[in-house]
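Reader: I am new to protein structures and would like to learn how to read pockets and salt bridges. Could you walk me through an example?

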Amino acid sequence: MSNQLRLAIDAMGGDLGPRSVVPACISFLLRFDATELQLFGPRTQLELLFKGQPEAIRERLQLVDCEQVVTQACSPVQALRRKRSSSMGQALQAVGEHRADAIVTPGNTGALLALGRNILGTQKGVRRPALGKSLPAVDGTCYLLDLGANIDCSAEDLLQFARMGVEAQSIHSGNLAPLRVALLNVGSEAGKGTEQIRLAGQLLEADSSIHYIGFVEGHDIFTGAADVVVCDGLMGNVAMKSAEGVIRLMGQRAFKIEKRAPFKRFFGQMAIKLLRKWRAQLEPGRYNGASFLGVDGNVIKSHGGASSEAFYRAMCTAKECVEANLAARVGRAMRLHSDKI
């Protein structure tokens, strides 16, 4: 068996399909010599996109023919009943059978959660896997979860998300100090929020293994107020996509400054370099690739509309997760909590 990093790539689930995935795979293979990729999708279509690539690329590439695709319109139930042979399902199977170390997919989040739980299974003590990732903050990063996998969450779910988030962020950040954990809410006051959020606050307060600091609001995710911010999938997804919209607005404003009259453009140029620097640092594609925590394997979800560069970043996230043994470490942490109950 090869000692190289082996990634299973779902080439078909995103908005752009292989047009963004294949160039990302070529860039990844060129940069990282000790890697092998398995691409899942229609073989004839994929072969055309790799035509003319050097042997050094093709010899570390395996194309797995899959005609079935999980579309964005596919429900989790449909995915379980009819799509196990899809590019997503077969890529997950490769991880489950240890033929690959991680899967990267831009596909349907609900279908990925359903197929991932069914094919890979959940780790002991995990009620619901959660989707999370590190986001840029004023000083370091903040790990936000859940990002859309679970819309309705109980207080117990949010407590488990906090435990998984702490383990993931300690790995990503390398911070060995007790990490500050907060709940995302509509206000920082104790009486704010839904009943489940308030109950979750009480559970976190009572858990001596968690350094809980209370409620935070959306803007606090990026100020460095907390190291881990926990919420249900609806709030997390809205928060993340709202932030992405602000970054894109910054880029559009910078472009408009350049097109103004010379007098206004003169003063605008003083700000445009700073705007561009911030946008480059915070560009959502730089942070593409969220981890499904709680499933028994490294599962990386790319944004469905990811560009080639963004999908490449998701592949780099998968590489980091495999090297850090993320799934196994989260599983070990959750087992310890489960055994104490």
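Author: Happily! Keep in mind that this is a predicted model. Let us begin with a pocket: the second largest one has a volume of about 380 Å³.

Reader: Which residues are the closest to the centre of the second largest pocket?

Author: They are Ser134, Arg286, Tyr287, Thr317 and Glu320, out of 18 residues that line this pocket.

Reader: Which elements give two or more residues to that lining?

Author: Three strands and two helices are named here: strand E5 (130–137), strand E6 (140–145), strand E10 (290–293), helix H7 (155–173) and helix H11 (308–324). Of these, H11 gives the most, with four residues.

Reader: How do the residues of the lining divide into nonpolar, polar and charged?

Author: Nine are polar, five are charged and four are nonpolar.

Reader: Now for salt bridges. What is the general idea?

Author: Side chains of opposite charge can pair when their charged atoms come close. For this structure, a search of the whole model finds 10 salt bridges.

Reader: Let us take one at a time. What does Arg99 form a salt bridge with?

Author: Its partner is Glu97, and the closest N and O atoms of the two are 2.9 Å apart.

Reader: Is Arg99 buried, exposed or partly exposed?

Author: Buried means under 20% relative accessible area and exposed means over 50%, with partly exposed in between. Arg99 has 36% relative accessibility, so it counts as partly exposed. Glu97 also counts as partly exposed, because its relative accessibility is 44%.

Reader: Which residue does Arg127 pair with in a salt bridge?

Author: Arg127 pairs with Asp157, and their closest N and O atoms are 2.9 Å apart. This pair links distant parts of the chain, 30 residues apart: Arg127 sits in the loop between helix H6 (109–119) and E5, while Asp157 belongs to helix H7.

Reader: Is Asp157 buried or exposed?

Author: Asp157 has 2% relative accessibility, so it counts as buried. Arg127, in turn, is partly exposed because its relative accessible area is 45%.

Reader: Where do Glu323 and Lys319 lie?

Author: Both are in helix H11, four residues apart, which is about one turn of the helix. They form a salt bridge whose closest N and O atoms are 2.6 Å apart. Glu323 counts as exposed because its relative accessibility is 56%, whereas Lys319, at 16%, counts as buried.

Reader: Which residues do salt bridges with shared partners join into one network?

Author: That network is made of Arg127, Arg128 and Asp157.

Terms used
Residues are numbered from 1 along each chain as its sequence is written. This is a predicted model: local features need pLDDT of at least 70, side-chain atom pairs count only at pLDDT 80 or more; totals for chains, interfaces and linings use all residues. Side-chain values use heavy atoms; hydrogens and water are left out. On a 1 Å grid over the protein atoms alone, a cavity is a set of points where a 1.4 Å probe fits but cannot get out, and a pocket is an open set with protein on both sides within 12 Å along at least five of seven lines; lining residues have an atom within 4 Å of a point. Grid points are joined across faces, edges and corners, and a volume is the space filled by probe spheres set on the points. Ala, Val, Leu, Ile, Met, Phe, Trp, Tyr, Cys and Pro count as nonpolar, Asp, Glu, Lys and Arg as charged, and the others, Gly among them, as polar. A salt bridge is a side-chain nitrogen of Lys or Arg within 4 Å of a carboxyl oxygen of Asp or Glu. Buried means under 20% relative accessible area, exposed over 50%, partly exposed in between (1.4 Å probe, protein chains only).
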